[in-house]
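I opened a notebook for this structure. These entries record what I looked up, topic by topic.

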Amino acid sequence: MNRRTFLGTSAAGLAYSSIAPTAADIANGPTKRVALIGTGWYGKVDLLRLIQVAPVDVVALADVDSTMLSGAADIVAKRQKSGKRPKTYGDYRTLLKENKLDLVLIGTPDHWHAIPTIQGCQSGKDVYVEKPDSHNIVEGHRMVQAMRKHKRIIQMGSQPRSTERMKTALAYIR
């Protein structure tokens, strides 16, 4: 998967540079197999937005909270075009081993972003991780090392780039 495709499928809704694909390119692209690790509010919001704007098949969800996990699986089944309920996992490591995925979204609590991101790269998946990318700079460096070593793509959420305040500031700078 190249950078353009990854951005189009994982960071839809964010402000893109001029080289990013158009909405039509995203909507008409190949279907990507996606999983979400961490089914709390942020994870679900990212995933449900992705379902709206890109051709994805959500095949798996992981969370340690079985109630949250089951609820998220029900919502995904209702929202995705296929109507399929994704497979659920209490341990994300099993999800990474058992599924052939194009993309893993990391929506875990902030202090738990680095390890699933690194293990996602190690298992051959591209990763979209919510901000902050890591708990400290050492974790951040290890994420980058894993990305480079395993030739994967990592995209971090940066929604503030899309706020009115930021757009105004960028217009002023230009």
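In what sense do S2 and strand S3 pair, and over how many bridges? I looked this up before anything else. S2 and S3, the latter covering residues 87–89, pair in the parallel sense. Three bridges hold the pairing in the list. I note here that I am working with a predicted model.

**Entry: the S2–S3 side**

I looked for a residue pair across these two strands. Ala62 stands opposite Tyr89, which is in S3. Then I followed the chain between the strands. It leaves S2, passes through helix H4 (residues 66–79) and arrives at S3. I recorded this β-α-β crossover as right-handed.

**Entry: the S1–S2 side**

Next I turned to the other pairing of S2. Strand S1 (residues 32–37) runs parallel to S2, and six bridges join them. For Val34 I found Val58 as the bridge partner in S2. The chain gets from S1 to S2 by way of helix H3 (residues 41–53). This β-α-β crossover is right-handed.

I also asked how S2 sits in the structure. Is strand S2 enclosed or open? Seven of its seven residues, 56–62, are buried, so the strand is largely enclosed by the rest of the structure.

**Entry: the whole sheet**

I then put the strands in order. Six strands form an open sheet, and I read the order as S3-S2-S1-S4-S5-S6. The pairing is parallel. Which strands stand at the edges? They are S3 and strand S6 (154–156). Each has a single partner strand, so one side of each is left without a neighbour in the sheet. I noted the twist as well: neighbouring strands are turned by 20° against each other on average, direction ignored.

I checked one more pairing in this sheet. Strand S4 (residues 103–106) and strand S5 (residues 126–129) pair in the parallel sense, with four bridges. Leu105 has Tyr128 as its bridge partner in S5.

I added one background note on strands. Strands of a sheet pair through backbone hydrogen bonds, either parallel or antiparallel.

**Entry: the chain as a whole**

I stepped back to the full chain. I counted eight helices and six strands in the protein chain. From the N terminus on, I read the elements as α-α-β-α-β-α-β-α-β-α-β-α-β-α. The protein chain has 174 residues, and 44% of them count as buried. I looked at contacts next. Among those with a separation of 6 or more, 67% are between residues 24 or more positions apart. The exposed area of the protein chain is about 9,900 Å². Carbon and sulfur atoms supply 55% of that area.

**Entry: Asp57**

I picked out Asp57, which lies in strand S2. Is Asp57 buried or exposed? Its relative accessibility is 15%, so Asp57 counts as buried. I then listed its contacts, leaving aside neighbours within four places in sequence. They are Thr31, Lys32, Arg33, Val34, Gln80, Ser82 and Lys84. Val34 in this list is also the bridge partner of Val58.

**Entry: two glycines**

Gly107 came next. I found Gly107 in the loop between S4 and helix H6 (114–122). Gly107 is buried, at a relative accessible area of 12%. Beyond its neighbours within four places in sequence, Gly107 is in contact with Leu36, Ile37, Gly38 and Gly43. I also checked Gly107 against Asp63. They are 44 residues apart in sequence, and their C-alpha atoms are 9.6 Å apart.

Where is Gly140? I placed Gly140 in helix H7 (residues 137–149). Gly140 has a relative accessible area of 12% and is buried. Leaving aside neighbours within four places in sequence, its contacts are Asp133 and Ser134. Gly140 and Ile118 are 22 residues apart in sequence, with a C-alpha to C-alpha distance of 9.7 Å.

**Entry: aromatic rings**

Last, I searched the whole structure for aromatic pairs. I found one. Why does the pair of Trp41 and Tyr42 count as edge-to-face? The ring centres are 4.9 Å apart and the planes stand at 80°, so the pair is edge-to-face. The cut-off for that label is over 60 degrees. I looked up exposure for both residues. Trp41 counts as exposed at 58% relative accessibility. Tyr42 is partly exposed, with a relative accessible area of 45%.

Technical notes. Residues numbered from 1 in each chain as written. Predicted model: local features only at pLDDT ≥ 70, side-chain atom pairs only at ≥ 80, totals over all residues. Heavy atoms only, no water. Phe/Tyr/Trp six-rings, centres within 6.5 Å; stacked < 30°, edge-to-face > 60°. Buried < 20%, exposed > 50% of the residue type's maximum accessible area, 1.4 Å probe, protein only. Contact = heavy atoms within 4.5 Å. Areas by Shrake-Rupley, 256 points an atom, 1.4 Å probe, with all protein chains shown as cover. Pairing = 2+ DSSP bridges. Right-handed = clockwise from strand over helix to strand, strands pointing away. Axes fitted to C-alpha atoms, helices over the stretch in contact; angles between N-to-C directions.
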